[in-house]
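Q: Could you take one part of this model and look at it closely, explaining each term as you go? I am a first-year student, so please take your time.

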Amino acid sequence: MLIKKKLTEKEINELRTPYITDRLLLYLSILILLYFHNLLPNIKTFILLFILSTLHSIIFSWTQHSMLDNKQSLTHVISFIRHHAISFQHHHDNPTDVLYEVPGSKKLPGNIPFTGVKPIVVILTPLMISALIVFFIEKSKFTMQILIFSQMLYLWGYISIRNHVSCHAETHNYPTDRLCDIMRNIGLLPSPLYHRTHHDPTHKTPHEQNWAFIMPYISEKIEYIFKQMGGSESNYAYIMLNILFFIFLPTLFPLYSIIIRQFYK
Ligand SMILES: [Zn+2]
Ligand SMILES: [Zn+2]
């Protein structure tokens, strides 16, 4: 049951750093695993994987946000889309809820999932586990790259959720999150002001813009194309949004990697 009370600074910091220790242990164990199998990547491969996974994360995070904000998603044929669309759209009208959610509480009123931590557990843990399974089935350079690529998606997912909580917290005078602040200053993450426009009730259509969770500059190019196709009101644009959403859904990545593997053999 949700206890609705204003969070303390310490609790806000817990919201910003969900499962950070687990994550560090996980990365460390993966590096040890790769080291013992002589599969650590060279720097060129590592940079390439970083660029590709960043592009993947930018496209997915923008697509996920605009897809789940769309009114049509409330009656989507797939139940998990409907469920998360309710959650995303609930957040528009109740933006400060992220500052009242007590870490460890499982649900918001009306069965709304916990916005801070739950997506990491629900969406990204299967991604990580399946990538590990792929790795154990076949310990090769290719599976090592899949493993690192999925971990980078996982890291971007984590940092974008952390930044979202931080944006709302800072608007309400909580101290600035140092990590997010550095990343905002070099254009890797949207600022509190950028995200505030998405919630601004004085704006004519606030939830129809500023969907970016990562790199607003690049995300706006996708937003521009989406609006050229007709935007939120258009069925055609919504179909395209669905296609983009499922292509870039991180949970499906290990499945794609098995398919791509067939061409490598
Ligand atoms: Zn939104
Ligand atoms: Zn928000």
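A: Gln-145 is partly exposed, because 18 other C-beta atoms lie within 10 Å of its own; by the rule used here, a residue is buried if 20 or more other C-beta atoms lie within 10 Å, exposed if 12 or fewer, and partly exposed in between, with the C-beta atoms placed from the backbone. This is a predicted model, in which local features need pLDDT of at least 70 and side-chain atom pairs count only at pLDDT 80 or more, while totals for chains, interfaces and linings use all residues. Residues are numbered from 1 along each chain as its sequence is written, and chains are lettered from A and ligands numbered from 1 in the order in which they are written.

Gln-145 lies in helix H6, where helices (H or I, at least four residues) and strands (E, at least two) are DSSP runs numbered from the N terminus. Leaving out residues up to four places away in sequence, Gln-145 touches Pro-41, Thr-45 and Leu-49; two residues are in contact if their C-beta atoms, placed from the backbone, lie within 7 Å. Although Gln-145 and Thr-45 are 100 residues apart in sequence, their C-alpha atoms are 8.3 Å apart in space.

Thr-45 and Leu-49 belong to H3, and together with Gln-145 of H6 they are among the residues that make the contact between these two helices. Two packed helices are described by the angle between their axes and the distance between the axes. The axes of H3 and H6 come within 9 Å and cross at roughly 45°, where axes are lines fitted to C-alpha atoms, for helices over the stretch in contact, and angles run from 0 to 180 degrees between N-to-C directions. H3 and H6 are therefore oblique to each other, since angles under 35 degrees count as roughly parallel, over 145 as roughly antiparallel, 65 to 115 as roughly perpendicular and the rest as oblique. Their crossing is right-handed, a word used when the near helix is turned clockwise from the far one by less than a right angle, whereas an anticlockwise turn makes a crossing left-handed. Among the other residues in the contact are Phe-50, Leu-52 and His-56 on the H3 side, and Ile-148, Phe-149 and Trp-156 on the H6 side. By class, the residues of the contact of H3 with H6 divide into eight nonpolar, eight polar and no charged, where Ala, Val, Leu, Ile, Met, Phe, Trp, Tyr, Cys and Pro count as nonpolar, Asp, Glu, Lys and Arg as charged, and the others, Gly among them, as polar.

H6 has a second partner in H8, for the axes of H6 and H8 come within 9 Å and cross at roughly 85°. That angle makes H6 roughly perpendicular to H8. The contact is made by His-164, Cys-167, Glu-170 and Thr-171 of H6 with Pro-192, His-195 and Arg-196 of H8, and by class it has two nonpolar, three polar and two charged residues.

H6 also takes part in the interior. In soluble globular proteins, nonpolar side chains tend to be buried together. The largest nonpolar core here has 18 residues, and those with the most contacts inside it are Leu-153, Ala-212 and Ile-214; such a core is a set of buried Ala, Val, Leu, Ile, Met, Phe, Trp, Tyr and Cys residues joined through C-beta atoms within 7 Å. Helix H3 (43-69) and helix H6 (141-171) each supply at least two residues of this core, and H6 gives the most, with eight residues.

Just beyond the end of H6, in the loop between H6 and helix H7 (178-185), comes Asn-173. Most residues other than glycine have a negative phi, and most peptide bonds are trans. Asn-173 has a positive phi of about 70° although it is not a glycine, and Asn-173 is exposed, with 6 other C-beta atoms within 10 Å.

To set H6 in the whole, the protein has 11 helices and two strands, and 32% of its 265 residues count as buried. Among contacts with a separation of 6 or more, 68% join residues 24 or more positions apart, and the contact of Gln-145 with Thr-45, across 100 residues of sequence, is an example of such a pair.
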